Amino acid sequence: MNLAVIGTGNIGLVTALCFAHKGHTVFCADIDHKKIANLQKGIAPVFEPSLHDLLQAQLCKNSIRFSISAKEAVQDAEVAFVTLGTPNTTAGLPDISAIEQFLTQLPNLNPHLRKVVIRSTVPPGTNLQLTAKFPGLHLIASPEFLREGSAIQDCLYPERVIVGSDSAADLNLFREIYMSFGLHDDQFLFMDPTSAEFSKYAANIFLASRISLMNEFSRICASTGADIKKIQQVLSTDRRIGSYFLDAGIGYGGSCFPKDIQAFINYARGINEDASITQAIQNSNTNQLERYYKLIISNLPEAHEKVLAIWGLSFKPETDDVRESVSLKLVEKLRYHYRLQLYDPKANTHAADLYRDTKTISISDCAEAALTGASALLICTDWSEFKNYDLFKMKSLLKYPVVFDGRHIYDPAHMRDLGFTYHTVGRH
Ligand code: UGA
């Protein structure tokens, strides 16, 4: 089929490339001139595993095209996928104006194109509201569940595809679009658009609640002497609970959980409904970073020159995305009192953009450089490079063998045996 994808953020680009890989002809549009020029040359705007190779392959096959003109993108399209950003406004609710603007223009861009799939995250009820405003268009709510760092795998092998529509015929449309994905019939979940929109928030809030509960347990473990990893082992072997999203750490970040949780709290408030559990998740996430921060400042060695190494700047491994990164929130708390040597395997450039003129912060080219001469190491992102790091080398480079591990990547007993003073929240 001929598909248009409007908006080439992480989700739009990955979705477009996966559709192209599966045999569709995809035309993407974005207003960002530089990004489009780079994509036309085969340069991916972000780091995401396999993204570069997939982009090159689809450009060679001519199955994907990029333009700054939405008209070009939709001219031959049978269906348009909208993957435009919906950043929260100052009132803390998603701004859907970019979507509205596209829908307003669409009849002039291609009067024959009526089917529009809204893949952006929007508050429940948006589809109905937009359908009333644009009666000539047929809008389908189909939220995505891609994780940065494994977005291509998630897109090629979705656990389910949501078809939020009032017309059962759309189920067949989605079966056709996903024909080569090898999905079973029961993986297509057909429902009304409002439930589809709600399900996206429900999934993210549910996952964040698991993380926050584990973080809360880790804080209580710290006071009781119990080990959060042992608790996790017990929970994850209970099939009713399952093993995913139970890693306690320094809190969740990224462009999705914090934004969606804030939006949902405000949405519920707007309709006079109680969202106190969601509010508690948000509070718990803030508390977790605070706990880690206090652990650091109350256990730092007395050093004349207070230099700290920070490993991990992206909000999670396998991405260079630093949006709402908990690591950078920690940097903000520490930067006025310490000299910081930052390192991330992929996100150094973004950090350099942020801290170029900050005298107390330097960006290190490699993990070793960040450690050299530092009084302690703070680990904020669980990259495998850090998990597999030579601990003898670490000890020799640090001024004091002190490690604050915010992601529980090392074994406390082993670290102690090696002579480290090792701090985490919830392990002893
Ligand atoms: C999240 C959801 O997982 C996706 O399903 C959804 O499509 C996406 O948001 C979105 O709304 O577009 P993402 O933010 O890319 O995906 O990354 P996650 O893997 O969910 O991680 C979010 C944060 O939680 C990270 O900071 C990560 O370090 C943290 N986390 C995750 C934990 O602290 N513990 C865990 O056990 C898992």
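Helices and strands are DSSP runs, numbered from the N terminus, where a helix has at least four residues. With that numbering in hand, the predicted model can be explored, beginning with the ligand. Helices α9 (193–224) and α11 (257–270) each supply at least two residues of the shell around the ligand. The biggest giver is α9, with four residues in this shell.

In full, the ligand is surrounded by 20 residues, and the closest are E148, K200, N204, D247 and K316. Sorted by class, the shell holds 10 nonpolar, eight charged and two polar residues. Backbone atoms of the protein also take part in the contacts with the ligand. A polar backbone atom of E148 is 2.7 Å from an oxygen atom of the ligand, so E148, one of the closest residues, makes a polar contact, for which the cut-off is 3.5 Å between N or O atoms. For F315, a backbone N or O atom lies 2.9 Å from a ligand oxygen. At F145, the separation between a polar backbone atom and an oxygen atom of the ligand is 3.2 Å. On its own, the ligand has 710 Å² of accessible area, and the protein covers 92% of this.

The next stop is strand β12 (residues 376–379). Which way do A376, L377, L378 and I379 point? A376 and L378 point one way, while L377 and I379 point the other way, and all are buried. This fits a general pattern, since in a regular strand the side chains alternate between the two faces of the sheet.

Strand β12 also has partners. It pairs with strand β9 (residues 307–311) in the parallel sense, over four bridges, and in this pairing I310 stands opposite L378. Strand β13 (residues 402–405) runs parallel to β12 as well, and three bridges join the two. Here L378 stands opposite F404. L378 is thus a handy landmark, facing I310 as well as F404.

The last residue to visit is S142, in the loop between β6 (138–141) and α7 (151–156). Is S142 buried or exposed? S142 counts as buried because its relative accessibility is 0%, and the cut-off for buried is under 20%. A polar atom of the S142 side chain lies 2.7 Å from the backbone oxygen of I162. Leaving aside residues up to four places away in sequence, S142 touches V117, I118, R119, I162 and F174. I162 therefore appears twice around S142, in the list of touching residues and, through its backbone oxygen, opposite a polar side-chain atom within the 3.5 Å cut-off for a polar contact.

How values were computed: Residues numbered from 1 in each chain as written. Predicted model: local features only at pLDDT ≥ 70, side-chain atom pairs only at ≥ 80, totals over all residues. Heavy atoms only, no water. Near = heavy atom within 4 Å. Polar contact = N/O pair within 3.5 Å; in protein donor to acceptor, adjacent residues only side chain to side chain. Areas by Shrake-Rupley, 256 points an atom, 1.4 Å probe, with all protein chains shown as cover. Nonpolar A, V, L, I, M, F, W, Y, C, P; charged D, E, K, R; others polar. Buried < 20%, exposed > 50% of the residue type's maximum accessible area, 1.4 Å probe, protein only. Pairing = 2+ DSSP bridges. Contact = heavy atoms within 4.5 Å.
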